[in-house]
Amino acid sequence: MTSLQNAVVFVTGSNGGLGREFVKQFLERGASKVYASARTPREWDDSRIVPVVLDVTSEESVAAAVSLAGDTSILVNNAGSYRDGDTITGGDLDGIREMFETNFFGPVRVGRAFGPLLGANGGGALLNVHSALSWWGVAGAYSAAKAAMWSATNSFRLELAGQGTHVEGLHLGYTDTPMIADLDVEKNDPADVVRAAIDGIENDEFEVLADEVSVNIKAALALPIVALYPDLARPSV
Ligand SMILES: NC(=O)c1ccc[n+]([C@@H]2O[C@H](COP(=O)([O-])OP(=O)(O)OC[C@H]3O[C@@H](n4cnc5c(N)ncnc54)[C@H](OP(=O)(O)O)[C@@H]3O)[C@@H](O)[C@H]2O)c1
């Protein structure tokens, strides 16, 4: 069991909808310090919160964060970006690379850089924020990058087990944050998603499916492809 008492937590993308919630709830649940990182950190009215500049796409930025946050025991790879209407066949490869820079290479870079620290600080935990779309290719390059990150999380889990670091993957569907503010769909409350994710850390869960959408999509992976993509079903002749 990973203890939250006096944990030192590092959150990426902490200005965002889920990020702010992670900062708040870790402190409510016993963390002694939270490094709240962002490309442009905001001001926080709490001495336990340390704002840190971090762009997950920059090697130098990540190295600077690691040297500043040497006491981290729980890392939350939360930062991500999404483009509505994203595809694999449209646009150019640079657009696809951009999605991978933020949603795959970013968290991989941060996880690799912080991994040794987590080990040196007793093992701790790494939480990678995926998506229900990691298992559902309807969002083009975003889905592909999240799928790749899901795979990387499995590798992180295996490779960091020896140093006692617990690795959790979080999957969620539409959640009410600035990322999808323009989408008129039913959305989860970010507080519920973050609570489930932190419960998962406390209970050493490998994977947290924060909503029914994630549960159903994962279950459908074991079914024929048309279960996930009914538009592909052709009427029989
Ligand atoms: N909301 C949903 O429906 C949903 C569903 C499934 C998965 N997710 C995942 O949940 C995570 C959190 O997203 P959210 O919903 O809270 O969205 P959000 O409010 O847009 O927050 C995302 C944060 O990531 C940060 N970010 C983007 N690129 C970055 C970079 N290069 N370096 C550092 N930070 C960067 C953004 O910072 P700036 O403020 O600097 O732009 C932003 O604060 C993401 O990984 C997202 O893919 C969200």
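A residue is called buried here when its relative accessible area is under 20%, and by that cut-off Ser131, at 6%, is buried. I begin with that residue, and I should say at once that what we are looking at is a predicted model.

Ser131 sits in the loop between S5 and H4. If we set aside residues up to four places away in sequence, Ser131 touches Tyr142 and Lys146, and also Leu170, His171 and Leu172. Two of those partners, Tyr142 and Lys146, are themselves listed among the buried residues of helix H4, so let me turn to that helix.

Helix H4 runs over residues 140-160, and its 21 residues reach 30 Å from the first C-alpha to the last, close to the 30 Å expected at 1.5 Å a residue. Its buried residues include Gly140, Ala141, Ser143, Ala145, Met149, Ala152, Thr153, Phe156 and Leu160. As for what covers them, helix H3, strand S5 and strand S6 are included in the cover.

Arg157 also belongs to helix H4, and you may wonder whether an arginine there is buried or exposed. With a relative accessible area of 15%, Arg157 is buried, because the cut-off is 20%. Beyond its neighbours within four places in sequence, Arg157 is in contact with Val167, Glu168, Gly169 and Phe206. For one of these, Glu168, the C-alpha atom is separated from that of Arg157 by 7.8 Å, while the two residues are 11 apart along the chain.

Now to the packing of helices. H3 and H4 have axes 8 Å apart and pack at an angle of about 15°, and they are therefore roughly parallel to each other. The crossing in which H3 passes H4 is right-handed. On the H3 side the contact is made by residues including Ile96, Met99, Phe100, Phe104 and Arg112, and they meet H4 residues including Ala141, Tyr142, Lys146, Met149 and Phe156. Sorted by class, the residues of this contact come to 14 nonpolar, two polar and two charged.

The second pair is H1, residues 17-28, with H5, residues 190-202, whose axes come within 9 Å and cross at roughly 55°. These two helices are therefore oblique to each other, and H1 passes H5 in a right-handed crossing. H1 contributes Gly17, Leu18, Glu21, Phe22, Gln25 and Phe26, whereas H5 contributes residues including Pro190, Val194, Arg195, Ile198 and Ile201. By class, this contact holds 10 nonpolar, two polar and two charged residues.

Staying with H5, its 13 residues should span 18 Å at 1.5 Å a residue, and its end C-alpha atoms are indeed 18 Å apart. Its buried residues are Pro190, Ala191, Val193, Val194, Ala197, Ile198, Gly200 and Ile201, and the elements covering them include H1 together with strands S4, S5, S6 and S7.

I will finish with two points of backbone geometry. Most residues other than glycine have a negative phi. Asp204, which lies in the loop between H5 and S7, has a positive phi of about 55° although it is not a glycine, and with a relative accessible area of 27% Asp204 is partly exposed. Asn6, in the segment before strand S1, likewise has a positive phi, near 60°, and at a relative accessible area of 58% Asn6 is exposed.

Terms used
Residues are numbered from 1 along each chain as its sequence is written. This is a predicted model: local features need pLDDT of at least 70, side-chain atom pairs count only at pLDDT 80 or more; totals for chains, interfaces and linings use all residues. Side-chain values use heavy atoms; hydrogens and water are left out. Axes are lines fitted to C-alpha atoms, for helices over the stretch in contact, and angles run from 0 to 180 degrees between N-to-C directions. Helices (H or I, at least four residues) and strands (E, at least two) are DSSP runs, numbered from the N terminus. Angles under 35 degrees count as roughly parallel, over 145 as roughly antiparallel, 65 to 115 as roughly perpendicular and the rest as oblique. A crossing is left-handed if the near helix is turned anticlockwise from the far one by less than a right angle, and right-handed if clockwise. Contact means heavy atoms within 4.5 Å. Ala, Val, Leu, Ile, Met, Phe, Trp, Tyr, Cys and Pro count as nonpolar, Asp, Glu, Lys and Arg as charged, and the others, Gly among them, as polar. The expected span of a helix is 1.5 Å times one less than its number of residues. Buried means under 20% relative accessible area, exposed over 50%, partly exposed in between (1.4 Å probe, protein chains only).
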